[in-house]
Amino acid sequence: MYQKESLEESLKYFFGYDSFRPGQRKIIEEALANRDLLIIMPTGGGKSLCFQLPALLKPGLGVVVSPLISLMQDQVDTLRDNGIGATFLNSSLKTEEVRSRELEIIEGKIKLLYVAPERLLAAKFLPFLDLIAEKVGISAFAIDEAHCVSEWGHDFRPEYRQLKQLRQRYPKIPMLGLTATATSRVREDIIQQLGLKNPGVHLASYNRPNLYYEVQDKDSRTYNQLLKNIRAQKGSGIVYCLSRRQVEETASQLQEDGIAALPYHAGMNDEERKNNQTRFIRDDVQIIVATVAFGMGINKLDVRWVIHYDLPKNLESYYQESGRAGRDGETSNCILFFSPADQKKIEFLIAQKTNPQERRIAYQQLRQVIEYAEGTECRRTIQFSYFGERFPGNCNNCDNCRNPKPVEDWTIEAQKFLSCVARCGERFGMMHIIEVLRASKKKRILDYKHHLLSTYGIGLDKTADEWKMLARSLLHRGLLDETNDGYRVLKLNESSWEILHKQRTVKIAVSRKVTDDLISDYNPKAAEAEMLFESLRILRKQLADAHSVAPYVIFSDSSLKSMAQVRPKSLEDFAKISGVTNHKLKQYGTQFVIEIRRFCQENNSENSPGLPSTYMATLELHKQGLSVEEIAKERSLTTRTIIKHLSELIEVEQPVDLDSLVIPVRQEIIMQAMEKVGDKSLKTIREHLGENYSYEEIQLVRAKWQRESF
Ligand code: ADP
Ligand code: ZN
């Protein structure tokens with residue numbers, strides 16, 4: 001019944017998109033051919049569509065197994081907002097509600113059912129499943145987060161093991177496993193545990209091109225650095241910290257600085273946590289400061305940036321945590337703050353572990369994270385190698401690719417620095433050494449008579465920042481030590497002496513400051529587009545609050561963005577925006593078009609005039625009570641033009657008094673005629689009505705009809 005001519009048409013019809021993402025089409029074709037499938041696609045790659053669209057096109061009910069209640073709720077909200085029959089069954093529902101949903105299913109009103117694994121396999125539920133299979137048919141089982149079946153995955157759930165029963169009970173119903181990350185070991189496990197038969201395996205790259213990766217050296221004034229970064233970002237973001245204390249502190253510091261941020265960590269009570277999470281998802285606040293506990297089950301697609309204030313545990317965690325940004329495919333930033341002091345802190349924590357095996361693994365994982373942070377190669381190359389994917393580099397969307405750090409031989413500089421440490425008696429910290437090298441006249445230097453040292457002033461050729469960078473690099477690589485007693489006194493070690501004795505060279509990647517030019521992909525015309533984007537966001541937020549859903553359920557950021565760029569000023573043009581389905585057009589189209597027109601008019605933008613001032617002039621005279629002919633005369637325009645103005649004004653709900661133009665009974669009859677013939681040309685409608693009705697009348701009433709039927 002849903003069959004459309006081509007898959008692209010169905011895609012636009014149900015989801016409002018114009019083209020498939022890489023991989024989707026082939027997967028969907030195979031799903032329609034009832035093949036078992038294993039789909040590995042990074043977060044935000046568009047996995048859901050791979051089972052949703054086939055479910056809509058095939059007869060029967062698609063059953064989706066999903067482990068997290070909040071995710072189910074969200075997906076179902078999004079589908080329903082597109083006018084698609086979807087529902088979920090889980091423990092959060094009252095018995096009556098469950099009954100009525102079950103009834104809907106049996107009546108064939110539902111195309112997609114989301115259900116938790118433990119419920120699906122409960123003794124009580126299985127007979128119901130049999131009933132569905134018999135009455136309406138089951139088109140497929142889609143197992144989301146399929147890595148949960150494997151003990152080798154990062155989130156093993158014993159109840160997933162039971163899913164094998166599905167295959168035994170319904171051997172003919174195709175089964176799909178979907179996950180975002182799976183090593184080859186986990187992949188084999190999924191196939192085996194779910195009993196997939198000769199599955200089509202679709203393995204997309206781990207790469208998510210919309211994410212920008214950057215590592216910043218932590219300044220000594222880290223909080224200021226964070227603040228500066230946050231101010232440079234747009235949209236929702238997450239700041240990850242290591243400890244609860246740090247979460248609390250940072251959130252309240254940000255609040256003091258006038259930035260609406262909320263904390264989230266395991267030490268807070270459930271209600272508070274849930275509340276903060278909801279406020280974040282609903283865009284009441286833009287920033288959440290959290291321990292890594294946050295984000296596991298949340299389905300917020302439009303997180304624009306993730307900053308790691310502290311180091312992640314390992315590279316897989318980093319991929320997942322930073323990957324909570326940009327699930328809608330829009331440009332997003334992932335920034336990691338790194339300081340050698342953090343490394344020490346984590347090493348200290350690891351040293352507390354009693355199990356030597358665990359300790360060894362933890363050290364190794366830390367080393368990989370450090371290699372990532374200090375690496376001068378493409379960040380993607382380093383990250384994906386962790387999953388066994390070879391990435392060729394040159395991604396042009398990480399700090400290292402955008403600002404390649406030239407590796408330079410700084411042996412002489414290192415010798416200067418280290419010998420200055422030695423001359424100062426290994427009793428001072430980094431800043432003091434740098435001041436001596438750069439011939440500072442501070443009282444402190446003179447008091448210690450350090451202006452008399454042979455190393456005084458030998459470092460004027462480098463800036464203080466450059467010396468800092470060198471010192472840090474020496475510390476990172478263990479070529480110099482620092483005491484851990486709070487004074488951070490520099491001490492030479494064996495390697496330092498090798499350098500001083502010319503037995504070792506020092507090459508460092510000379511970093512440039514990248515903090516200030518955080519990506520802004522927008523081209524010049526963009527400032528205005530961005531303003532419009534912001535006002536559309538506000539409108540979206542109002543609508544979302546009115547419907548009690550998250551804003552991205554209404555429209556994704558990318559849809560808003562293209563609205564802001566294309567600026568559709570009629571419903572017809574609005575319908576062409578990616579993400580606008582017929583259903584959404586009816587629900588929200590008018591409000592968005594009005595907002596876009598209002599904006600264009602206020603900003604007088606030349607190439608997209610919104611409701612041009614000429615329309616407004618007509619409206620003004622109409623409001624004063626002038627007839628069409630009088631307005632035409634007054635404005636030296638034809639009556640046809642005035643009718644056109646008024647019709648378009650009606651279409652976008654401007655205050656045109658239609659009753660004064662066409663008497664209500666005639667409106668009625670014209671309306672009825674249009675209901676009959678559909679929205680055809682004026683000519684068709686007139687032929688139906690007869691000569692008694694003028695084109696002008698029909699045009700005006702048609703405008704009203706169009707407004708109401710959208
Ligand atoms: P995943 O489950 O793989 O993390 P989702 O299925 O949630 O990803 O999809 C991420 C976002 O991409 C959603 O907003 C979804 O609507 C959107 N999306 C999916 N397929 C397409 C497509 N072909 N064109 C445009 N947007 C798409
Ligand atoms: Zn790169």
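Let's start with helix α3, which gives the largest share of the lining of the largest cavity, 4 residues. Please keep in mind that we are looking at a predicted model. The elements with two or more residues in that lining are α3, residues 47-57, together with β2, residues 61-65, and β5, residues 138-143.

How much space lies in the largest cavity? About 100 Å³. A search of the whole structure for cavities of 30 Å³ or more finds 1. As a quick reminder, rolling a probe the size of a water molecule over the atoms shows where empty space is left. The lining here is made of 15 residues, and if you want to find the centre on your screen, F51, A55, S139, A140 and L176 lie nearest to it. By character, the lining residues divide into 12 nonpolar, 2 polar and 1 charged.

Now let's follow β2, since it takes us from the cavity into a sheet. That sheet is open, with 7 strands in the order β3-β4-β2-β5-β6-β1-β7, and its pairing is parallel. Which strands stand at the edges? Those are β3, residues 86-89, and β7, residues 200-203, and each of them pairs on one side only. On average, neighbouring strands of this sheet are turned by 15° against each other, direction ignored.

Back to β2 itself. Toward β4, residues 112-115, there are 4 bridges, and the two strands run parallel. Toward β5 there are 5 bridges, again in parallel. G62 is a nice residue to click on here: its bridge partner in β4 is L112, and in β5 it stands opposite A140. You have already met A140, as one of the residues nearest the centre of the cavity. Further along β2, V64 stands opposite Y114 of β4.

And what about the side chains, buried or exposed? L61, V63 and V65 point one way from β2, G62 and V64 point the other way, and all are buried. That makes 5 of the 5 residues of β2, so this strand is largely enclosed by the rest of the structure.

Let's move on to the other sheet I wanted to show you. It is open too, has 6 strands in the order β8-β13-β12-β9-β11-β10, and pairs in parallel. Here β8, residues 211-217, and β10, residues 261-264, stand at the edges; each has a single partner strand, so one side of each is left without a neighbour in the sheet. The twist from one strand to the next averages 20°. For one pairing within it, take β12, residues 303-308, and β13, residues 332-338: they run parallel and are joined by 4 bridges. If you would like a pair to look up, H308 has L336 of β13 as its bridge partner.

Last topic, the cysteines. How many disulfides does the count come to? The count is 0. Take C420 as the example: the nearest cysteine sulfur belongs to C424 and is 4.3 Å away, and C420 is in no disulfide. The cut-off for a disulfide is 2.5 Å between the sulfur atoms, so that distance does not qualify. As for accessibility, C420 is at 0% and therefore counts as buried. C401 counts as buried as well, because its relative accessibility is 17% and the limit for buried is under 20%.

That's my tour, and I'm happy to take questions.

Notes:
Residues numbered from 1 in each chain as written. Chains lettered and ligands numbered in written order. Predicted model: local features only at pLDDT ≥ 70, side-chain atom pairs only at ≥ 80, totals over all residues. Heavy atoms only, no water. 1 Å grid on protein atoms, 1.4 Å probe; cavity = no way out; pocket = protein on both sides within 12 Å on 5 of 7 lines; lining within 4 Å. Points joined across faces, edges and corners; volume = space filled by probe spheres on them. Nonpolar A, V, L, I, M, F, W, Y, C, P; charged D, E, K, R; others polar. Buried < 20%, exposed > 50% of the residue type's maximum accessible area, 1.4 Å probe, protein only. Pairing = 2+ DSSP bridges. Axes fitted to C-alpha atoms, helices over the stretch in contact; angles between N-to-C directions.
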